[in-house]
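Colleague: I should like a close look at a single part of this model, the sheet, together with what packs against it. Please take me through it in one connected account.

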Amino acid sequence: MPLHRLRYNQILPITMDEAWTFFSNPANLCRITPDWLCFDIRYQESREMYPGMIIEYTIRAIASIPMRWVTEITHVDKPGFFVDEQRLGPYRFWHHQHHFKGCVQGTEMTDIITYSMRLGLLAEPVHRLIVKPRLERIFSFRQQALENIFG
């Protein structure tokens, strides 16, 4: 199965420490995720992020059917970046890097998502017609929500 990559950059008018505090708290994911995804944190080990941390969510990505998503925080370099990887969920592979870099306007945030699909021969048509457009909608919503939260 081929790997797909998405990259999103956004400048936020906040310090790197403020960005870290917001993004490293899994509870804030609900604030920057569209309601139609019905994102719900079911379990997190700690409020403080650390390598090896497991977070369990439910989402309703397809036809409002609840789906478990379990991620592990695999890398943490406060306040510069962290990585979450899917351990259980809809993708064959999911690796999401969150980078924070200070800039004149505040903090440049970069998301780099690398993923591959399940579904064998159906994977590419489903990716092209459904998955990629949905991920683009989710991250567009996220950018708008962050603008609303941070001004």
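Modeller: Glutamate 56 faces valine 70, a residue of β4. The two strands concerned, β3 (residues 54–62) and β4 (residues 65–77), run antiparallel and are joined by seven bridges. Strands here are DSSP runs of E of at least two residues, helices are runs of H or I of at least four residues, and both are numbered from the N terminus; two strands count as paired if DSSP finds at least two bridges between them. The model is a predicted one, in which local features need pLDDT of at least 70 and side-chain atom pairs count only at pLDDT 80 or more, while totals for chains, interfaces and linings use all residues. Residues are numbered from 1 along each chain as its sequence is written, and side-chain values use heavy atoms, with hydrogens and water left out.

The wider sheet is open and has seven strands, in the order β1-β7-β6-β5-β4-β3-β2, with antiparallel pairing. β1 (4–12) and β2 (40–44) are the edge strands; each has a single partner, so one side of each lacks a neighbour in the sheet. From one strand to the next the twist averages 25°. Here axes are lines fitted to C-alpha atoms, for helices over the stretch in contact, and angles run from 0 to 180 degrees between N-to-C directions.

Two helices pack on this sheet, contact being heavy atoms within 4.5 Å. Helix α1 (residues 16–23) touches β1, β4, β5 (81–88), β6 (93–103) and β7 (106–116), and its direction makes about 155° with that of β6. Helix α2 (residues 123–150) touches β1, β3, β6 and β7, and its direction makes about 10° with that of β1.

Between β4 and β5 runs a loop that contains proline 79. The peptide bond leading to proline 79 from lysine 78 is cis, with omega near -5°. β5 then pairs with β6 in the antiparallel sense over five bridges, and glutamate 85 stands opposite histidine 95 of β6. The hairpin joining β5 to β6 passes through four residues. A hairpin through two residues leads from β6 to β7; these strands pair in the antiparallel sense over 11 bridges, with phenylalanine 100 opposite methionine 109 of β7.

Aromatic side chains add further links. The structure holds 12 aromatic pairs, a pair being rings of Phe, Tyr or Trp (its six-membered ring) with centres within 6.5 Å; planes under 30 degrees apart count as stacked, over 60 as edge-to-face and the rest as tilted. Tryptophan 69 and tyrosine 91 form an edge-to-face pair, 5.8 Å centre to centre with 65° between the planes. Tryptophan 69 belongs to strand β4 and tyrosine 91 to the loop between β5 and β6, so this pair ties together parts 22 residues apart in sequence. Tryptophan 69 and tyrosine 91 are both buried, where buried means under 20% relative accessible area, exposed over 50% and partly exposed in between (1.4 Å probe, protein chains only). Tryptophan 94 and tyrosine 115 form a tilted pair, 6.0 Å centre to centre with 40° between the planes. Since tryptophan 94 lies in strand β6 and tyrosine 115 in strand β7, the pair ties together parts that are 21 residues apart in sequence. Tryptophan 94 is buried, as is tyrosine 115. Ring pairs also link Trp20, Phe22, Phe23, Phe82, Phe100 and Phe150 into a cluster.
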